[in-house]
Amino acid sequence: MRRPCLLLAGLLVAASGCGLTSGSPMVDDVRPGSIGQGEPLKGADLTVTSKSFTEQLILGAIIGIAFQAAGAEVLDRTGIQGSIGSREAVRGGDADAVYEYTGTAWITYLGNKEPIPDPRQQWRAVRDADRKNGLTWLAPSSLNNTYALAMNQANFEKYGTKTLSDVAALAKKDPGAVTLCVEGEFANRADGLPGMQKEYGMSVPAGRITQMDTGIIYTQAAKGSCTYGEVFTTDGRVKSMNLVVMEDDKKFFPNYNAAPVINTRTLKEWPAIADILDPITEKLNNDVAQTLNAKVDVDGEDPHQVALDWLVAEGFVKEG
């Protein structure tokens, strides 16, 4: 999810680099609902971008549809591979807006090693640090797409673990009870499995840890083939597969709260962007994200249509 493209963060991304293409116009037939009254973006030509995974495609579409309802002409450059490409598009002026994650910016882009445990303080630190990069962070959501361990209902009833401290205690008391399914990246990152085991005093032998692709982890955890699977907290499959997420009670994993990041020059020219996006961002939380993500990953719906349906259902925009 947060793998960067193989580009230095300081380099601008060329139009063909890291998945950024010329894009296509958004042509939704929408008008203002509770946001965009008076069409304050009329006359604006704005480009939205996103990374390529489901949640990002939905969030990118949300921005673009909201901008259209407020009167803007919008170019769709969502779906950039990796993390750095979409950020650099906004920083370099090839795009105007993206939903980004605070932890990704703090650790991956800004080069810090230690996350800030308090989510609001983490957002403020990122906001302040990114001012010099020509990027303005708008208010954050409570949507926190971070790492977690999850288990199926049968194993939850059998072992009763609710926190990562409980998992560590179980691994010590009954080593054979704990098996892990994880991604290769998570298995080797300092802010992944090695750091988690160190923080919690957890000792799971290598022979009881299986590395696999993300999608397979969810199905294996749901079947109980592994006691715990590495998941992302906003993934729709958590809810659809009825998995139980372990609380990170020591706050080891970084906060990955989603917030709109706007090219500062664009925001100065079109300050109404903040008023348009703030109410939408306030509505975004993990339950909303899981529901919307599941419509794509489980039900096979189109991310853009999912975004439009949600904005209409919430009254933010109207169709026709």
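# A walk through the charged and polar spots

Start by selecting Asp128: with a relative accessible area of 38%, Asp128 is partly exposed. Before you go further, keep in mind that you are looking at a predicted model.

**Stop 1: around Asp128**

Now add Arg131 to the selection. Arg131 pairs with Asp128 in a salt bridge, and the closest N and O atoms are 3.0 Å apart. Arg131 itself has a relative accessibility of 53%, so it counts as exposed. Add Arg127 as well, and you have a network of salt bridges that links Arg127, Asp128 and Arg131. The general idea behind such pairs is simple: side chains of opposite charge can pair when their charged atoms come close. How many salt bridges does the structure hold? There are eight, and two further ones are on this tour.

**Stop 2: Asp235 and Arg237**

Select Asp235 and Arg237 next. Their side chains meet in a salt bridge, at 2.8 Å from N to O. Are these two buried or exposed? Asp235 is buried, and Arg237 is buried too.

**Stop 3: Glu314 and Lys283**

For the next pair, pick Glu314 and Lys283, whose side chains form a salt bridge at 3.5 Å, N to O. Glu314 sits in the loop between α14 and β13 (317–319), while Lys283 belongs to helix α12 (residues 272–283), so this pair ties together parts that are 31 residues apart in sequence. Glu314 has a relative accessible area of 33%, which makes it partly exposed. Lys283 also counts as partly exposed, at 43% relative accessibility.

**Stop 4: an acid without a salt bridge**

Go to Asp76 in strand β4 (residues 73–80). Asp76 is buried, yet it has no salt bridge. Which side chain of opposite charge is nearest to Asp76, and how far away is it? That would be Arg77, at 8.5 Å. A salt bridge needs a side-chain nitrogen of Lys or Arg within 4 Å of a carboxyl oxygen of Asp or Glu. What Asp76 does have is a polar contact: its side chain meets the side chain of Thr78 at 2.6 Å.

Keep Arg77 on screen and add Thr49, a residue of strand β3 (residues 45–51). The side chain of Thr49 reaches the backbone oxygen of Arg77 at 2.9 Å. Thr49 is buried, because its relative accessible area is 0%.

**Stop 5: a negative patch**

Switch to a surface view and select Asp29, Asp299, Glu301, Asp302, Asp309 and Glu319: these residues form a negative surface patch. Zoom in on Glu301, which you'll find in the loop between α13 (286–297) and α14 (303–313). At 32% relative accessibility, Glu301 counts as partly exposed.

**Stop 6: two positive phi angles**

Time for some backbone. Most residues other than glycine have a negative phi, and most peptide bonds are trans. With that in mind, select Glu39, which is not a glycine and has a positive phi near 45°. Glu39 lies in the loop between β2 (30–32) and β3. Its side of the story at the surface: Glu39 is partly exposed, with 30% relative accessible area.

Then jump to Lys251. What is its phi? The value is about 55°, positive although Lys251 is not a glycine. Look for Lys251 in the loop between β11 (244–245) and β12 (258–263). Here the relative accessible area is 53%, so Lys251 is exposed.

**Stop 7: two distances to draw**

While you are in the loop between β11 and β12, select Asp249, which is found there as well. Asp249 is partly exposed, given a relative accessible area of 29%. Draw a line from the C-alpha of Asp249 to the C-alpha of Tyr200: these residues are 49 apart along the chain, and the two atoms are separated by 9.5 Å.

Finish at Glu183, in the loop between β8 (180–182) and α7 (184–188). Is Glu183 buried or exposed? Glu183 is buried, because its relative accessible area is 4%. For a last line, connect the C-alpha atoms of Glu183 and Thr210, which are 27 residues apart in sequence and 8.3 Å apart in space.

Key:
Residues numbered from 1 in each chain as written. Predicted model: local features only at pLDDT ≥ 70, side-chain atom pairs only at ≥ 80, totals over all residues. Heavy atoms only, no water. Patch = residues over 30% accessible without salt bridge, like charges linked within 9 Å, V, L, I, M, F, W, Y side chains within 5 Å. Areas by Shrake-Rupley, 256 points an atom, 1.4 Å probe, with all protein chains shown as cover. Lys, Arg positive; Asp, Glu negative; His and termini not counted. Charge placed at Lys NZ, Arg CZ, Asp CG, Glu CD. Helix = DSSP H or I, 4+ residues; strand = E, 2+ residues; numbered from the N terminus. Buried < 20%, exposed > 50% of the residue type's maximum accessible area, 1.4 Å probe, protein only. Polar contact = N/O pair within 3.5 Å; in protein donor to acceptor, adjacent residues only side chain to side chain.
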